[in-house]
Amino acid sequence: TKPDVPEGMFTVTYKSGVAGQKDIVVYARTAVKVAQNTFTYEGHVFGYWTNANSIKVKVGTDLTATTVLTANWYEKNDKGEITIPGNPDGSTVIKPDPTDPTNPDKQPKVDEDGNVKVPEGGEVEKKPNGGTITLPEGGVVITPSGEIKVPDKNGNIVDPSNPGTLPTDYF
(Lines give C-alpha, C1' and ligand atoms only; values in the text may rest on other atoms or scores of the structure.)
Protein backbone atom coordinates (compact mmCIF):
# COMPACT_ATOMS: atom_id res chain seq x y z
CA THR A 1 0.00 0.00 0.00
CA LYS A 2 1.08 3.53 -0.72
CA PRO A 3 1.41 5.93 2.17
CA ASP A 4 -1.09 8.77 2.29
CA VAL A 5 -0.03 11.93 0.54
CA PRO A 6 0.10 14.82 3.01
CA GLU A 7 -2.37 17.63 2.41
CA GLY A 8 -1.08 20.23 -0.04
CA MET A 9 1.34 17.81 -1.67
CA PHE A 10 1.33 15.70 -4.82
CA THR A 11 3.45 12.80 -6.05
CA VAL A 12 5.44 12.02 -9.16
CA THR A 13 5.93 8.27 -9.51
CA TYR A 14 8.59 6.87 -11.82
CA LYS A 15 8.02 3.28 -12.99
CA SER A 16 10.73 1.31 -14.76
CA GLY A 17 8.30 -0.81 -16.73
CA VAL A 18 10.52 -3.77 -15.78
CA ALA A 19 9.33 -6.52 -13.43
CA GLY A 20 11.05 -6.55 -10.05
CA GLN A 21 12.19 -2.92 -9.99
CA LYS A 22 10.78 -0.62 -7.34
CA ASP A 23 9.00 2.59 -8.23
CA ILE A 24 10.57 5.92 -7.29
CA VAL A 25 8.07 8.28 -5.66
CA VAL A 26 8.76 12.00 -5.24
CA TYR A 27 6.59 14.07 -2.88
CA ALA A 28 6.30 17.78 -3.69
CA ARG A 29 4.43 20.96 -2.88
CA THR A 30 5.67 22.98 -5.87
CA ALA A 31 6.55 22.17 -9.47
CA VAL A 32 8.88 19.22 -10.03
CA LYS A 33 10.98 18.84 -13.17
CA VAL A 34 10.82 15.40 -14.81
CA ALA A 35 14.09 13.67 -13.96
CA GLN A 36 16.52 11.79 -16.16
CA ASN A 37 16.02 8.03 -16.12
CA THR A 38 18.00 6.19 -13.41
CA PHE A 39 16.60 2.70 -14.05
CA THR A 40 18.53 0.02 -15.91
CA TYR A 41 17.24 -2.80 -18.07
CA GLU A 42 19.66 -5.42 -19.36
CA GLY A 43 19.87 -5.46 -23.17
CA HIS A 44 17.90 -2.21 -23.51
CA VAL A 45 18.41 1.54 -23.74
CA PHE A 46 16.00 4.12 -22.29
CA GLY A 47 13.82 5.82 -24.90
CA TYR A 48 11.44 8.23 -23.14
CA TRP A 49 8.85 8.69 -20.37
CA THR A 50 5.10 8.39 -20.90
CA ASN A 51 2.28 9.37 -18.55
CA ALA A 52 -0.83 7.34 -17.70
CA ASN A 53 -2.42 8.46 -21.00
CA SER A 54 0.59 7.14 -23.00
CA ILE A 55 1.66 10.69 -23.87
CA LYS A 56 5.41 11.36 -24.05
CA VAL A 57 6.70 13.60 -21.28
CA LYS A 58 10.07 15.23 -21.85
CA VAL A 59 12.83 15.31 -19.23
CA GLY A 60 12.82 18.77 -17.61
CA THR A 61 9.06 19.29 -18.00
CA ASP A 62 7.46 20.93 -14.94
CA LEU A 63 4.82 18.79 -13.23
CA THR A 64 2.41 20.34 -10.72
CA ALA A 65 -0.03 17.48 -10.07
CA THR A 66 0.10 13.80 -9.21
CA THR A 67 1.60 12.01 -12.20
CA VAL A 68 2.78 8.48 -12.96
CA LEU A 69 5.60 8.20 -15.51
CA THR A 70 6.66 4.92 -17.09
CA ALA A 71 9.98 4.31 -18.83
CA ASN A 72 9.81 3.14 -22.43
CA TRP A 73 12.72 1.05 -23.65
CA TYR A 74 14.34 0.04 -26.93
CA GLU A 75 16.20 -3.24 -27.29
CA LYS A 76 19.96 -2.84 -27.77
CA ASN A 77 21.99 -5.89 -28.67
CA ASP A 78 25.71 -6.59 -28.32
CA LYS A 79 26.27 -5.40 -31.92
CA GLY A 80 25.01 -1.92 -30.94
CA GLU A 81 21.77 -2.27 -32.90
CA ILE A 82 18.76 -0.47 -31.43
CA THR A 83 15.28 -1.84 -32.15
CA ILE A 84 12.18 0.36 -31.94
CA PRO A 85 9.26 -2.03 -31.35
CA GLY A 86 5.56 -1.90 -31.93
CA ASN A 87 4.95 0.45 -34.80
CA PRO A 88 2.19 -0.58 -37.24
CA ASP A 89 4.59 -1.93 -39.90
CA GLY A 90 6.65 -4.02 -37.46
CA SER A 91 9.88 -3.07 -35.77
CA THR A 92 12.62 -0.76 -37.00
CA VAL A 93 16.25 -1.72 -36.41
CA ILE A 94 18.91 1.00 -36.44
CA LYS A 95 22.39 -0.43 -37.01
CA PRO A 96 25.87 1.01 -36.56
CA ASP A 97 28.25 1.57 -39.47
CA PRO A 98 29.21 -2.01 -40.46
CA THR A 99 32.77 -0.92 -41.37
CA ASP A 100 33.47 0.34 -37.82
CA PRO A 101 30.69 -1.02 -35.54
CA THR A 102 32.62 -0.69 -32.24
CA ASN A 103 33.43 3.01 -32.72
CA PRO A 104 31.12 4.97 -30.34
CA ASP A 105 30.77 7.72 -32.99
CA LYS A 106 29.37 5.14 -35.43
CA GLN A 107 26.72 3.81 -33.00
CA PRO A 108 23.04 4.84 -33.10
CA LYS A 109 22.07 7.15 -30.23
CA VAL A 110 18.75 7.99 -28.54
CA ASP A 111 17.98 11.69 -28.05
CA GLU A 112 15.86 13.32 -25.31
CA ASP A 113 12.68 12.90 -27.39
CA GLY A 114 13.15 9.15 -27.82
CA ASN A 115 14.28 9.54 -31.43
CA VAL A 116 17.17 7.38 -32.60
CA LYS A 117 19.82 9.14 -34.68
CA VAL A 118 21.34 6.99 -37.41
CA PRO A 119 25.14 7.32 -37.44
CA GLU A 120 27.21 8.08 -40.52
CA GLY A 121 27.33 4.85 -42.55
CA GLY A 122 24.59 3.33 -40.39
CA GLU A 123 21.71 1.23 -41.62
CA VAL A 124 17.95 1.16 -41.03
CA GLU A 125 16.07 -2.12 -41.42
CA LYS A 126 12.27 -2.33 -41.41
CA LYS A 127 10.95 -5.67 -40.13
CA PRO A 128 9.25 -7.94 -40.99
CA ASN A 129 8.57 -6.91 -44.61
CA GLY A 130 10.90 -4.02 -45.36
CA GLY A 131 14.42 -3.85 -46.64
CA THR A 132 17.62 -2.31 -45.36
CA ILE A 133 18.69 1.25 -46.18
CA THR A 134 22.35 2.27 -45.81
CA LEU A 135 22.82 5.95 -44.96
CA PRO A 136 26.35 7.06 -45.89
CA GLU A 137 25.96 10.53 -44.37
CA GLY A 138 23.89 9.49 -41.35
CA GLY A 139 21.95 12.17 -39.53
CA VAL A 140 18.59 10.59 -40.24
CA VAL A 141 16.24 10.38 -37.25
CA ILE A 142 13.91 7.48 -36.51
CA THR A 143 10.99 8.49 -34.28
CA PRO A 144 9.54 6.28 -31.49
CA SER A 145 6.79 5.27 -33.94
CA GLY A 146 9.39 4.06 -36.47
CA GLU A 147 8.92 7.00 -38.86
CA ILE A 148 12.05 7.98 -40.81
CA LYS A 149 12.77 11.72 -40.84
CA VAL A 150 15.54 13.27 -42.91
CA PRO A 151 17.05 16.60 -41.87
CA ASP A 152 17.91 19.24 -44.46
CA LYS A 153 21.44 20.68 -44.78
CA ASN A 154 20.79 22.91 -41.73
CA GLY A 155 19.58 20.02 -39.55
CA ASN A 156 15.87 20.92 -39.82
CA ILE A 157 13.48 17.99 -40.24
CA VAL A 158 11.78 18.05 -43.64
CA ASP A 159 8.27 16.66 -44.19
CA PRO A 160 8.99 13.63 -46.44
CA SER A 161 5.55 13.88 -48.07
CA ASN A 162 6.30 17.45 -49.16
CA PRO A 163 10.09 17.94 -49.35
CA GLY A 164 9.83 21.42 -50.88
CA THR A 165 8.26 22.88 -47.72
CA LEU A 166 10.00 24.17 -44.64
CA PRO A 167 9.72 22.21 -41.39
CA THR A 168 6.67 23.11 -39.27
CA ASP A 169 8.83 24.64 -36.53
CA TYR A 170 10.99 26.65 -38.97
CA PHE A 171 11.12 30.40 -38.40
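**Entry 1. Salt bridges**

I searched the whole structure, a predicted model, for salt bridges and found seven.

I looked first at Glu125 and Lys95, whose side chains meet in a salt bridge with an N to O distance of 2.8 Å. I noted that this pair links distant parts of the chain, since Glu125 belongs to strand 12 (residues 122–126) and Lys95 to strand 9 (residues 90–95), 30 residues apart. I then checked accessibility and found both Glu125 and Lys95 buried.

I turned next to Lys106. Its side chain meets that of Asp97 in a salt bridge, 3.6 Å from N to O. Lys106 also forms a salt bridge with Glu120, where the closest N and O atoms are 3.7 Å apart. I recorded the positions of this second pair: Lys106 is in the loop between strand 9 and strand 10 (109–110), and Glu120 is in the loop between strand 11 (116–117) and strand 12. The two residues are 14 residues apart and link distant parts of the chain.

How buried or exposed are the residues around Lys106? Lys106 itself has a relative accessibility of 17%, so I entered it as buried, the cut-off being under 20%. Asp97, at 7%, is likewise buried. Glu120 has 47% relative accessibility and therefore counts as partly exposed.

I also found a network of salt bridges that links Lys58, Glu112 and Asp113.

**Entry 2. The chain as a whole**

I counted the secondary structure elements: the protein chain has 16 strands and zero helices. Of its 171 residues, 36% count as buried. I looked up the contacts between residues with a separation of 6 or more; residues 24 or more positions apart account for 44% of these. The accessible surface of the chain comes to about 10500 Å², and carbon and sulfur atoms hold 51% of that area.

**Entry 3. Strand 1 and its partners**

I asked which strands pair with strand 1. Strand 2 (residues 24–28) is joined to strand 1 by five bridges, and the two run antiparallel. Strand 7 (residues 67–76) is joined to strand 1 by four bridges, and here the two run parallel.

I picked out one residue pair for each partner. Thr11 has Tyr27 in strand 2 as its bridge partner. Thr13 stands opposite Val68 in strand 7.

Why is strand 1 described as largely enclosed by the rest of the structure? Five of the six residues of strand 1 (residues 10–15) are buried, so the rest of the structure largely encloses this strand. I kept in mind that in a regular strand the side chains alternate between the two faces of the sheet.

**Entry 4. A nonpolar patch involving strand 2**

I looked for nonpolar surface and noted a patch of about 220 Å² made by Val5, Val25 and Tyr27. Val25 lies in strand 2. Its relative accessible area is 36%, so I entered Val25 as partly exposed. Tyr27 thus appears twice in these notes: as a member of the patch and as the bridge partner of Thr11.

**Entry 5. Ala65, ahead of strand 7**

Where is Ala65 placed? I found Ala65 in the loop between strand 6 (62–63) and strand 7. With a relative accessibility of 42%, Ala65 counts as partly exposed.

I then listed the contacts of Ala65, leaving aside neighbours within four places in sequence, and recorded Phe10 and Thr11. I also took the C-alpha to C-alpha distance from Ala65 to Val32, which is 9.1 Å for two residues 33 apart in sequence.

**Entry 6. Ser54**

I checked the backbone angles and noted that Ser54, although not a glycine, has a positive phi of about 65 degrees. I entered this because most residues other than glycine have a negative phi. Ser54 is in the loop between strand 4 (44–50) and strand 5 (56–57). Is Ser54 buried or exposed? Its relative accessibility is 60%, so Ser54 counts as exposed.

**Entry 7. Confidence of the model**

I closed with the confidence values. The mean pLDDT of the protein chain is 84, and 84% of the residues reach 70 or more. Over residues 167–171, pLDDT stays under 50. For that stretch the model has three contacts beyond four places in sequence.

Key. Residues are numbered from 1 along each chain as its sequence is written. This is a predicted model: local features need pLDDT of at least 70, side-chain atom pairs count only at pLDDT 80 or more; totals for chains, interfaces and linings use all residues. Side-chain values use heavy atoms; hydrogens and water are left out. Buried means under 20% relative accessible area, exposed over 50%, partly exposed in between (1.4 Å probe, protein chains only). Contact means heavy atoms within 4.5 Å. Accessible areas come from the Shrake-Rupley method with a 1.4 Å probe; for residues, only the protein chains shown count as cover. Two strands pair if DSSP finds at least two bridges between them. Patches are made of residues with over 30% relative accessible area and no salt bridge: like charges are joined within 9 Å, nonpolar side chains (Val, Leu, Ile, Met, Phe, Trp, Tyr) within 5 Å. A salt bridge is a side-chain nitrogen of Lys or Arg within 4 Å of a carboxyl oxygen of Asp or Glu. pLDDT is the predictor's confidence in each residue, from 0 to 100.
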